[in-house]
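Visitor: I have just begun to study protein structures, and I would like to understand how the words used for them are justified. Could you take me through this one with care?

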Amino acid sequence: MRNTVRDEKFAAKLDPSDKEKIEKVVEETIEWLDRNQLAEVDELEDKLKELEGICNPIISKMYQSDGGSDGVPMGDGMPGGGTSSSGGGAGPKIEEVD
């Protein structure tokens, strides 16, 4: 999500306050992960849902106002295509991370 927001083409379509909100929540989540490296799977899933609960409405609003005509696929940069599925996506599964 952080890389998506930093992408110039994508970021130009975001309201500056929404971009700042996403960057803040992503940074807070990364800090939480650094402090809670031994967190249980359910805690990590809860944190993911919390992050998605903030980011997904902003991204959806952007696509609705833009019409999604920029060639950037919906959910680009979000695990599982921006859905709230907690085991899917191209990234590593929680059990695979050291």
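**Charges, cover and contacts**

Guide: Let us begin with a pair of side chains in this predicted model: Lys61 and Asp18 form a salt bridge, in which the closest N and O atoms are 2.8 Å apart. Because Lys61 belongs to helix α4 and Asp18 to helix α3, the pair ties together parts that lie 43 residues apart in sequence.

Visitor: Why is the pair of Lys61 and Asp18 called a salt bridge?

Guide: The term asks for a side-chain nitrogen of Lys or Arg within 4 Å of a carboxyl oxygen of Asp or Glu. Lys61 and Asp18 have their closest N and O atoms 2.8 Å apart, and that distance falls within 4 Å, so the name applies. As a general background, side chains of opposite charge can pair when their charged atoms come close.

Visitor: What makes Asp18 buried, and what is Lys61 called?

Guide: Buried means under 20% relative accessible area, and exposed means over 50%, with partly exposed in between. Asp18 has 7% relative accessibility, and therefore it counts as buried. Lys61 has a relative accessible area of 46%, which lies between the two limits, so Lys61 is partly exposed.

Visitor: How many salt bridges does the structure hold, and which residue forms one with Arg2?

Guide: The structure holds 4 salt bridges. One of them joins Arg2 to Glu27, with the closest N and O atoms 2.4 Å apart. This pair links distant parts of the chain, since Arg2 sits in helix α1 (residues 2-6) and Glu27 in helix α3, 25 residues apart.

Visitor: Why are Arg2 and Glu27 given the label that they have?

Guide: Arg2 has a relative accessible area of 28% and is therefore partly exposed, and Glu27, at 32% relative accessibility, also counts as partly exposed. Both values lie between the limits of 20% and 50%, so neither residue can be called buried or exposed.

Visitor: What makes the meeting of Lys47 and Glu50 a salt bridge, and how far apart are they along the helix?

Guide: The side chains of Lys47 and Glu50 meet at 3.4 Å, N to O, and because this is within 4 Å, the pair qualifies as a salt bridge. Lys47 and Glu50 are 3 residues apart in helix α4, which means that about one helical turn separates them. That helix covers residues 41-66.

Visitor: How do you know whether Lys47 is buried or exposed?

Guide: The relative accessibility of Lys47 is 16%, and since that is under 20%, Lys47 counts as buried. Glu50, with a relative accessible area of 44%, is partly exposed. Apart from neighbours within four places in sequence, Lys47 is in contact with Thr29 and Trp32.

Visitor: Which other residue of helix α4 is buried, and what lies 9.7 Å from it?

Guide: Glu52, which is placed in helix α4, has a relative accessible area of 4%, and so it is buried. The C-alpha atoms of Glu52 and Met1 are separated by 9.7 Å, although the two residues are 51 residues apart along the chain.

Visitor: What makes Lys24 exposed, and what is Lys19 called?

Guide: Lys24 is found in helix α3, and its relative accessible area of 54% is over 50%, so Lys24 is exposed. Lys19 lies in helix α3 (residues 16-35), and its relative accessible area of 26% makes it partly exposed. Not counting residues up to four places away in sequence, Lys19 touches Val5, Ala11 and Leu14.

Visitor: Which residues gather in a patch of negative charge?

Guide: Glu40, Asp42, Glu43 and Asp46 gather in such a patch on the surface. A residue of a patch needs over 30% relative accessible area, and Glu43, which lies in helix α4, has 37% relative accessibility and therefore counts as partly exposed.

Visitor: How many helices and strands are there in the chain, and what share of it is buried?

Guide: The chain has 4 helices and 0 strands, and of its 98 residues 29% count as buried. Among contacts with a separation of 6 or more, 59% come from residues 24 or more positions apart.

Notes
Residues numbered from 1 in each chain as written. Predicted model: local features only at pLDDT ≥ 70, side-chain atom pairs only at ≥ 80, totals over all residues. Heavy atoms only, no water. Helix = DSSP H or I, 4+ residues; strand = E, 2+ residues; numbered from the N terminus. Buried < 20%, exposed > 50% of the residue type's maximum accessible area, 1.4 Å probe, protein only. Contact = heavy atoms within 4.5 Å. Patch = residues over 30% accessible without salt bridge, like charges linked within 9 Å, V, L, I, M, F, W, Y side chains within 5 Å. Areas by Shrake-Rupley, 256 points an atom, 1.4 Å probe, with all protein chains shown as cover. Lys, Arg positive; Asp, Glu negative; His and termini not counted. Charge placed at Lys NZ, Arg CZ, Asp CG, Glu CD.
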